[in-house]
Amino acid sequence: MSATMAPDPLKLPAHPRASQTIDLNGHRVAFELRRSARRSLALHVGPHGLSVRAPHGMPWPAVEDFLRRKADWVLRHLHRYSARTAPAWPAPTPAVLAHARTVLAARVAHFAPLLEVQPRALRLSSARTRWGSASTRGTIALNWRLAFVPTPLLDYVVVHELAHLREMHHGPAFWALVAHVLPDYAERRAALRQYALA
């Protein structure tokens with residue numbers, strides 16, 4: 001008779017498309033397992049939990065062994081996401097979105113000259129997995145929910161995306177540019193991780 005695993009007291013996020021469960025260092029992890037014509041295993045931990053990509057012909061014991069060897073990494077990232085708070089975001093009514101655009105546009109107008117950039121357009125985003133993005137065409141997209149987080153955290157995202165208009169990567173030159181405007185960007189980024197979009 002197999003032992004029944006106790007529920008995980010830390011309430012780690014279970015993937016909404018979970019098809020497998022595994023015990024990792026005493027924690028039950030429900031994860032999505034997808035097979036494809038790839039050659040190796042890949043892990044991804046996001047707001048929705050753990051997703052595993054495996055080759056078609058790889059037997060389950062090999063997948064299980066890989067996950068147990070990566071248990072510390074998986075649990076560390078799952079704990080980080082489980083610690084996030086999910087604010088009661090307002091409904092995205094026309095009035096709320098208009099307010100968000102006004103707030104975000106003002107912060108963009110404030111920081112763009114400091115970074116010596118001029119975005120071609122500002123687009124509001126409703127993404128559930130990212131706070132912002134920048135395109136090579138000069139457009140930046142900012143999640144409308146940023147208008148409802150503390151201003152220092154909003155400013156970090158604005159500066160981050162504006163900096164991409166000069167440095168379209170996350171290399172040392174990019175982070176040096178961000179640090180030139182926001183020397184404490186790392187603390188702001190860490191604080192923002194406590195807010196869950198989904």
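This is a short guided tour of a predicted model, with stops at helices, a sheet and some salt bridges.

**Stop 1: helix α3**

Begin by selecting residues 94-115, which form helix α3. The helix has 22 residues and spans 31 Å from its first C-alpha to its last, close to the 32 Å expected at 1.5 Å a residue. Now show the side chains of Val 96, Ala 100, Leu 104, Val 108, Phe 111, Ala 112 and Leu 115: these are the buried residues of α3. What do the buried residues of α3 pack against? Colour two strands, β5 (121-125) and β7 (139-143), and two helices, α4 (151-164) and α5 (172-181), and you have the partners. Before moving on, click on Glu 116, which follows α3 and has a positive phi, near 55 degrees.

**Stop 2: the sheet beside α3**

Keep β5 and β7 coloured and add β6 to see an open sheet of 3 strands, in the order β5-β7-β6 and with mixed pairing. Its edge strands are β5 and β6 (132-134), each of which pairs on one side only. On average, neighbouring strands here are turned by 15 degrees against each other, direction ignored. Zoom in on β5 and β7: they run parallel and are joined by 5 bridges. To find your place in this pair, select Arg 123 and look for Ala 141 of β7 standing opposite. Then bring α3 back into view, since this helix packs on the sheet and touches β5 and β7. The direction of α3 makes about 135 degrees with that of β5.

**Stop 3: where α4 meets α6**

Next, select α4 together with helix α6 (residues 185-192). How do these two helices cross? Their axes come within 9 Å and cross at roughly 110 degrees, so α4 and α6 are roughly perpendicular to each other. To view the contact itself, show Pro 152, Leu 153, Asp 155, Tyr 156 and Val 157 on the α4 side. On the α6 side, show Tyr 185, Arg 188, Arg 189, Ala 191 and Leu 192.

**Stop 4: a salt bridge at Arg 188**

Stay with Arg 188 and add Asp 184: their side chains meet in a salt bridge, 2.9 Å from N to O. Side chains of opposite charge can pair when their charged atoms come close. Are these two partners buried or exposed? Arg 188 counts as buried, at 16% relative accessibility, while Asp 184 is partly exposed at 33%.

**Stop 5: helix α1 and its salt bridges**

Now go to helix α1 (residues 60-69) and select Glu 64 and Arg 68. They form a salt bridge whose closest N and O atoms are 2.9 Å apart. The two residues are 4 apart in the helix, about one turn. Glu 64 is partly exposed at 23% relative accessibility, and Arg 68 is partly exposed at 41%.

Then select Asp 65 and Arg 69, which also lie in α1, 4 residues apart. In this salt bridge the closest N and O atoms are 3.1 Å apart. Asp 65 is partly exposed at 40%, whereas Arg 69 is exposed, with a relative accessible area of 56%.

**Last stop: a network**

Finish with Arg 17, Glu 32, Arg 34 and Arg 53, which are linked in a network of salt bridges. The count for the model comes to 7 salt bridges.

Note on methods: Residues are numbered from 1 along each chain as its sequence is written. This is a predicted model: local features need pLDDT of at least 70, side-chain atom pairs count only at pLDDT 80 or more; totals for chains, interfaces and linings use all residues. Side-chain values use heavy atoms; hydrogens and water are left out. The expected span of a helix is 1.5 Å times one less than its number of residues. Buried means under 20% relative accessible area, exposed over 50%, partly exposed in between (1.4 Å probe, protein chains only). Contact means heavy atoms within 4.5 Å. A salt bridge is a side-chain nitrogen of Lys or Arg within 4 Å of a carboxyl oxygen of Asp or Glu. Two strands pair if DSSP finds at least two bridges between them. Axes are lines fitted to C-alpha atoms, for helices over the stretch in contact, and angles run from 0 to 180 degrees between N-to-C directions. Angles under 35 degrees count as roughly parallel, over 145 as roughly antiparallel, 65 to 115 as roughly perpendicular and the rest as oblique.
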